[in-house]
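Hi everyone, thanks for coming. Let's bring the model up on the screen and take a walk through it together.

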Amino acid sequence: MSENAPVSGMNRAKTYQLVLFPLNNGATNVYYVLVLSYIATFGANILTLGTIFASVMVTAMRLADAITDPIIGALMDRTNGKFGKFRPFMAIGNAIMAASVLVLYCITPMIPDTMMWFRYAAFVALYFVWVIGYTFQTSCTRAGQTVLTNDPKQRPLFTIFNTVGSLLGMGAMQFFAPILARSFEGGYSSAAFFRALAPVGIAISIALTVLAIIGIWEKDQPKYFGIGGDKAEKVKISEYLEIIKNNNPMQRLMVAGAGCKLALSIATNTTVLCMLYGCMMGNYDGLYLPMMVLGYVCSAPFFVLTVRTSQKHGQKASLLRYVSVALICYVGVLALLLLWNPDNPAMHLSFFGEHGLSLNLYTILFIIFFGVGYGAYYATADMPIPMVADCSDYETYRSGKYIPGIMGTLFSLVDKLVSSLSATVVGISVSLIGLDILPTQYDPYTPGMNVVVIVLFCIIPMVAWSATLLAMRNYALTGEKMNEIQAVNHARRTAIAGGMTMEEAMRTIQTVEDIPAQSNT
């Protein structure tokens with residue numbers, strides 16, 4: 001079958017659906033910044049729980065996800081009620097996250113320091129509750145794509161709208177947070193900062209969630225659920241391991257997704273950026289926002305390029321190409337950070353001086369390497385998300401099971417493990433240079449910070465991208481293969497609707513050559 005050949009039985013989304021549903025990822029990315037970017041700082045600097053505990057706990061709590069995520073995924077796959085399969089999880093998940101974050105950031109600092117045991121207990125319990133809500137909602141972004149569209153030409157568009165949604169969520173928080181921090185004495189170490197930031201983030205997330213629910217409303221119904229009609233899957237949690245073992249594309253995508261997410265979560269960690277722009281370069285307020293804007297501006301052309309490449313050659317080819325661009329560019333960023341000299345202004349980032357614009361060669365080169373590299377990896381950071389839908393459709397093609405909830409929570413588990421690992425890596429790295437609390441934008445340079453920044457800002461992301469490239473090299477779901485999968489799945493669904501049993505349809509229709517002529521219309 002030609003990669004550009006038309007595919008029968010295509011379920012295509014309307015434009016407004018493609019635009020609105022990805023805002024669900026923006027809604028959860030608000031909490032990605034609100035919690036995962038700041039919780040270690042909050043725990044260590046506000047609740048005085050200790051840098052190591054606050055950082056390591058975030059990762060250690062993910063062990064519980066190995067139990068809760070399969071349960072939530074299986075529950076989603078068995079859900080088929082009046083309000084659909086995905087909308088209830090989106091709404092309930094957002095409500096859980098809002099309540100837990102409000103209590104965490106606004107009430108726990110009121111616990112007296114004479115009751116430190118209660119602070120520890122409240123911190124862990126509220127974070128655990130937040131994780132449950134996060135799994136509820138974020139897994140819908142992955143799973144819901146299976147009903148939104150199965151058109152290999154439309155699915156790449158999900159990446160660009162997903163990124164726009166992410167910018168509305170994550171970008172808004174990254175923009176407002178430093179502005180709010182300047183309003184409070186102590187910046188990110190101020191309890192008042194967290195009390196102000198939490199309601200702002202919650203309001204943004206609720207608005208994005210409502211729009212996302214509108215986007216999937218029409219598609220969240222049984223006729224779009226797999227090949228077996230409105231039959232809810234009764235998949236046992238124990239079948240997770242069997243699915244992982246036999247779904248090779250999902251295995252590779254989990255590694256690739258972990259690599260992309262680890263690179264993004266560590267390189268954009270607030271503590272890392274405070275050390276780079278504040279402690280090393282001495283001008284956090286003058287560098288953070290301009291560099292953030294630079295990265296977003298440079299990512300715009302890459303969004304267009306990734307979509308065009310995905311539509312023409314498949315999402316695998318696009319991911320491989322632009323992750324490679326990021327890796328190459330960050331060799332230049334690494335070289336510049338190795339050349340940084342605290343005593344030589346020519347080896348510092350500088351945008352403005354006493355007489356206005358003041359760009360040195362070091363800054364110009366950093367803008368080029370960082371801008372192109374960040375643009376490429378930011379455009380690919382969420383690309384594995386629409387590819388989860390391909391792996392879910394492949395599972396239906398392979399086994400006949402429609403289990404987007406399990407597939408979504410499998411990927412969500414990796415997402416959360418890697419995201420929380422970043423907080424632990426940053427916390428341990430900072431402690432190794434003798435700091436008891438996580439540095440903020442107002443702290444002076446401490447010997448060894450440059451090494452920590454080089455490792456966290458460059459080397460770890462580069463290793464993660466290398467793992468992504470290795471994992472995706474033999475990824476089987478090319479654009480041509482996805483066309484075949486959608487055609488076979490449609491033919492099986494048509495046969496089952498006509499009275500054929502699931503087992504017979506799976507046995508008699510295995511390739512496009514087996515599809516009856518009437519099913520190709």
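I'll go from the overall build to the open and closed spaces, then to the rings, and finish with two single residues.

A quick word on what we are looking at. This is a predicted model, where local features need pLDDT of at least 70 and side-chain atom pairs count only at pLDDT 80 or more, while totals for chains, interfaces and linings use all residues. Residues are numbered from 1 along each chain as its sequence is written, and side-chain values use heavy atoms, with hydrogens and water left out.

So, the overall build. The protein has 21 helices and two strands; these are DSSP runs numbered from the N terminus, with helices being H or I of at least four residues and strands E of at least two. The radius of gyration is 23 Å, close to the 24 Å that the globule rule gives for 521 residues, so the protein is as compact as a globular protein of that length. That radius is taken over C-alpha atoms, and the globule rule is 2.2 Å times the number of residues to the power 0.38. If you rotate the C-alpha trace onto its principal axes, it spans about 75 × 55 × 35 Å. Of the 521 residues, 60% are buried, and here buried means under 20% relative accessible area, exposed means over 50%, and partly exposed is in between, using a 1.4 Å probe and protein chains only.

Now to the spaces. On a 1 Å grid over the protein atoms alone, a cavity is a set of points where a 1.4 Å probe fits but cannot get out, whereas a pocket is an open set with protein on both sides within 12 Å along at least five of seven lines; lining residues have an atom within 4 Å of a point. Grid points are joined across faces, edges and corners, and a volume is the space filled by probe spheres set on the points.

The largest pocket holds about 280 Å³ of space. Its lining has 16 residues, and those closest to the centre are Asn11, Asn150, Tyr224, Gly226 and Arg493. Two elements give two or more residues to this lining, helix H17 (384–399) and helix H20 (479–497). Which one gives the largest share? That is H20, with four residues. By class, the pocket lining has four nonpolar, nine polar and three charged residues. For this count, Ala, Val, Leu, Ile, Met, Phe, Trp, Tyr, Cys and Pro are nonpolar, Asp, Glu, Lys and Arg are charged, and the others, Gly among them, are polar.

On to the closed spaces: there are 10 cavities of 30 Å³ or more. The largest cavity has a volume of about 140 Å³, and among its 14 lining residues, Thr268, Leu273, Met292, Phe370 and Tyr374 lie nearest the centre. H14 gives the most to that lining, five residues. How does the lining divide by class? It has 11 nonpolar residues, three polar and no charged.

The second largest cavity has a volume of about 120 Å³. Pro152, Ser310, Gly314, Gly479 and Met482 are the closest to its centre, out of 15 lining residues. H20 turns up again here, giving the most to the lining with three residues. This lining divides into four nonpolar, seven polar and four charged residues.

Next, the rings. Rings of Phe, Tyr and Trp (its six-membered ring) pair if their centres lie within 6.5 Å, with planes under 30 degrees apart counted as stacked, over 60 as edge-to-face and the rest as tilted. By this rule there are 32 aromatic pairs. One of them joins Tyr394 and Tyr397, a tilted pair at 6.2 Å centre to centre with 35° between the planes. Both residues lie in helix H17, three residues apart, about one turn of the helix. Tyr394 counts as buried because its relative accessibility is 16%, and Tyr397 is buried too, at 12%.

Ring pairs also link Tyr296, Phe303, Tyr330, Phe366, Phe370, Tyr374, Tyr377, Tyr378, Phe457 and Trp465 into a cluster. Phe370 and Tyr374 came up a moment ago, near the centre of the largest cavity.

Charges sit over rings as well, meaning that NZ of Lys or CZ of Arg is within 6 Å of the ring centre and within 35 degrees of the ring normal. Lys85 lies over the face of Phe225, 4.9 Å from the ring centre, and the charged end of Arg87 sits over the ring of Trp217, 4.3 Å from its centre.

Last, our two single residues. Thr48 has a phi near 50°, a positive value in a residue other than glycine. Thr48 is in the loop between helix H3 (39–46) and helix H4 (51–60), and counts as partly exposed at 46% relative accessibility. Leu167 lies in helix H9 and is partly exposed, with a relative accessible area of 23%.

That's my tour, thanks for listening!
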